[in-house]
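Hi,

Here is the structure I said I'd pass on. Have a look when you get a moment, and my notes on what turned up are underneath.

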Amino acid sequence: MTDRQVLYQHHPAEHENTQPWSKSALKPRAWHESDADRLSLNSPDWRFRLSPTVIPVDFTAVDYDDSKWDKLVVPSHWVLNGHGKPIYTNLEYPFVVDPPRVPTENPTGDYRYSFIKPQWSGAGRTIIRFDGVESWFKLWLNEVEIGWSSGSRLPVEFDITDHLSENNIICVRVIQWSAGSYLEDQDQWWLPGIFRDVTVLHRPNNCADDHFVHASYDYTTGKGTLKVDCEGEFTRVTVPELNIDMHAGDSITLDVEPWSAEVPRLYRGTLATDGEHIPLNIGFRTVEIRDGNFRVNGAVILFNGVNRHEFHCERGRAVDKETMLQDVLTIKRNNFNAVRTSHYPPSSHFLDLCDEYGLWVVDEGDYETHGFGFVDWRKNPSDSPAWTDALINRTQRMVERDKNHPSIVLWSLGNEAYRGFNIGLMANCVRSRDSSRPVHYENDWTGEHSDIWTHMYTWPEEIERIGKREETFDGYGYQKREVSLLTEADRVRLEKSRREKPFIAIEYGHSMGNGPGGLLEYQQIFEKYPRLQGGFIWEFIDHGLKQTTADGKTFYAYGGDFGEPRGTHGGNFVCDGLLFPDRTPSPALLDVKAVFQPVVFTLDDKKLLIRNKYDLRDLSHLRFSWRLEKYGEVVEQGELDVPKVKARHTVTVDLPSTLTTARGDSKAGWWWTVTATLDGATWAPDGHEVAWAQYPLPHSENTSNKAVLTSLKIGNDTVSVGPATFDSTFGKLLTFGSIGVEDSHLDLWRAPTDNDIGGPITPDWPEVSAPNRDKWYTAGLDRIQNRVDSVEKVGESLVVKYTDGAAIYDRCLRTTMTYEARDEGRSLHVGVSIIPENDWSDLQLPRLGIRLTLDTKSLERVKWFGLGPGEAYPDLRSSVRMGAWEKSIDEWQTPYVMPQENGNRMDVQYADIVDDQGQGVRIEGDPHFNLTVRRWTSEQLTAAKRVTELEPSDKTIINIDYANSGIGSASCGPGVADKYRTVLKAGEAMRFGFVLRTLG
Ligand code: GAL
């Protein structure tokens, strides 16, 4: 006998919160709101107490005094309501990977709430439903333990009939870390709490336990078949519009209009039992994989999709219905047709909206174990019998809850949980319940379990190989290892079957900060190869949490801002969406809208080809108009008469002669625009623009007026060239008109974007290429020295020669600036010639141009003719169009959550930078230039980590660029395509010029 006594066993096997499933939960069923009574327990009046660890349960007595506890609104996350802190991790678990054990420091939220027994209108049972609680909770009613559950983004119901009294005290203990946390390692904030609705439901006698709507569509006959399974007697299905009145379980086939994301035709019906009436939203459609393609109603579908997390910058995942509607409308209005509910089932209400407004939905299970990658996937739940029940339970709960949504066309088992036999069991579990939709799982690289083959962040070249079915079977990263474990027979079998499967880029276009660039290239490849069925941009919204500095400025927090230890969090990787955290659109959203536009115009001499890219519908819901503009002013406009265009067909229309007749020269600013707009309000107001294209009017060549130079004047220490004075020793521009010039020099630097910085090297991405930023720092592009070599008068020109280069290296740029006065001295022509010397070939330059720093802050507005109104970069310019635009310097800036290069305007023919009196500077292109105007320098922008760190100076800093490199998507994915990189060649001269003119 040893003298040993266990005083407290922290992780006994039976310790409930290390078991990832539920106790006493009711069988999962379809989510709906019937006419049976219900009582919402959503309220700001829940009492709440947070403990730093799991303390003994002491609060369930009915007469427990909770008056000193705080109040907390349900639904919400306590960490966003003044209790504790959010934690962001990307791949990592924020605790020791020792499943199923969790930390001793385990924030524990105790909740209490009282409610009067609801008076239901008939006899029956009473149940309580929690739609989402992160991550584990236990429930007591009037001191009686009712049950417990985990599975944060899934509902759970308990029968409380036998424990109700007149006055009820409900107590809930929510524990942040549980065994379930090992299954919920999605890239997002860890946000504990009761964050979705809590409802007490009457289940009248003879109500429907569950029901399953089967509504298929035979595109060859135009007939739909409806059958609603429902347990119980006396169940009737009625659909008045179709004159259907039949027993549940019966089936009927009749003429119907099909449901699709493009035309979301829903038939409203009712499932009636003796006890209740359940509304049915029936969409007839058939999903199948046939002849190597994913099809709906016979048609091959191209997903123009987006990955959407549930997120609100103040409320986290406790997203309200108005916000969900706003999201669905934003998604529709920006030409998406699909959503992947990354990486868990969203609120049921969101799916109702998808049914109603029309979106293809990939509904994903609440399952990710990415953090096991750091320990070489040892003990990964996907491959461990200890987790089978939990994973099947989650899968069933998703399918049961969501099975009646016509919008869901694909089930996804989860995300990034590597491989293992449980994946096969989950897939079979789905199929055995619902054979009408295919199953997807991205980490199933061999395609053993997934009906569709998908990848993330795949390079366009590789996608093209996949499109041609020429990809290698063992791909890259983990996939290689997985394939090497196969027997030869399995290898042959799986390779054959995977090659026959359709392909979806389940995540691509990583929208972190400025970017992604290069979407157009992806789209062109998707549209070229039938095997490729589009993809889903990563991701809808930045998850920055709204915070306020001590001096009252708003910023959006990301990883590390709440004290997450270095090495465990993903920094601003949580901000990688197309919307800023407050849901204002980023420039990339507009780019996506243009890339995804369902109608494509092509000009063919005097005709316009109109291609309908919808998979299923014609264009009769659109109006086609044109307008002719001169320098952005509408000169003439009209409508185009477009014949009916069937899905995926093209028609040709004649253009009015006014659009085909040459006028002026290329500098005359004549452009015409054709638009397709909604003919009647639907998910957007009448007139909402769906697609457009723009063309310059045919024109004659520019007539070259030989420039008449005005003499330059040499003073004591200065030289005057028209409106400008220069220092005669260094050739430095001192004044322009009445404005002091602090600096002007050749500029190569831009504040690295998230895509220049590149993503973390993760276990999945061993071969990520070196990011731009590191190459730029190594090359010293942030510390270019501008050495003056000579200042000369050549005829009436002032010629200043420089050598620009970085210390350590011999590579340099021989730069010649030639200044000439024109227009009788009112303007200054600046000619720039750059000859690179030595080897520059390995460098993509951030930018190449002239930075002018004006010593004034009175210039406040920019009016320009060029591409706009938003920013653009060579590989991110689909949304901008030629026009006359105006913005204040403040509005010019794009407030990326982590400050970085932004605001470049392309193809600017002229820009006036003026004060409130219209005085200032005009810059004219020769023929055009890239323009950026700021109150801070690129170096300040580089240093800032939050927008609140950017202090406006009293200068006006203008970049007039000859070139600006593309953006790419290297924060997670491919870098900038070669054709969008600014790369110099030794000895190859570049020349550009512009004119500066005083205004006012
Ligand atoms: C993927 C993952 C997403 C997100 C993205 C990077 O691997 O599925 O959840 O983390 O990378 O932002």
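Start with W538: one of its polar side-chain atoms sits 3.2 Å from an oxygen atom of the ligand. Keep in mind that this is a predicted model. H510 also has a polar side-chain atom by a ligand oxygen, at 2.6 Å. For D187, the distance from a side-chain N or O atom to an oxygen of the ligand is 2.5 Å. As for how much of the ligand is covered, on its own it has 310 Å² of accessible area, and the protein covers 96% of that.

The full set of residues around the ligand is N90, D187, H343, N415, E416, M456, Y457, E507, H510, W538, F573 and D576. By type, that shell splits into four charged, four polar and four nonpolar residues.

H343 is worth a second look. Besides being one of the residues around the ligand, H343 is joined to S342 by a cis peptide bond, with omega about -15°. You'll find H343 in the loop that runs between β26 (338-340) and α2 (348-357).

There is another cis bond, from P99 to P100, where omega is near 0°. P100 belongs to the loop between β4 (87-89) and β5. One more backbone oddity to check is D376: this residue is not a glycine, yet its phi is positive, at about 55°. D376 is in the loop between β27 (360-364) and α3 (388-402).

On to the strands. Which strands does β2 pair with? One partner is β3 (residues 70-74): β2 (residues 43-51) runs antiparallel to it, and four bridges join the two. Within that pairing, R47 has K71 of β3 as its bridge partner. Strand β5 (residues 108-116) is also antiparallel to β2, with five bridges between them. There, R49 is opposite D110 of β5.

Finally, the overall layout. The domain assignment divides the protein chain into domain 1 (22-204), domain 2 (211-289), domain 3 (290-542 + 577-591), domain 4 (598-696) and domain 5 (709-999). Note that domain 3 is given as two segments. For domain 4 and domain 5, the centres, taken over C-alpha atoms, are 35 Å apart. The two are in contact, with 12 residues of domain 4 meeting 10 residues of domain 5.

If you open the model, the ligand contacts of D187, H510 and W538 are where I'd begin.

Cheers

Notes
Residues numbered from 1 in each chain as written. Predicted model: local features only at pLDDT ≥ 70, side-chain atom pairs only at ≥ 80, totals over all residues. Heavy atoms only, no water. Pairing = 2+ DSSP bridges. Near = heavy atom within 4 Å. Polar contact = N/O pair within 3.5 Å; in protein donor to acceptor, adjacent residues only side chain to side chain. Areas by Shrake-Rupley, 256 points an atom, 1.4 Å probe, with all protein chains shown as cover. Nonpolar A, V, L, I, M, F, W, Y, C, P; charged D, E, K, R; others polar. Domains from an automatic or database assignment. Contact = heavy atoms within 4.5 Å.
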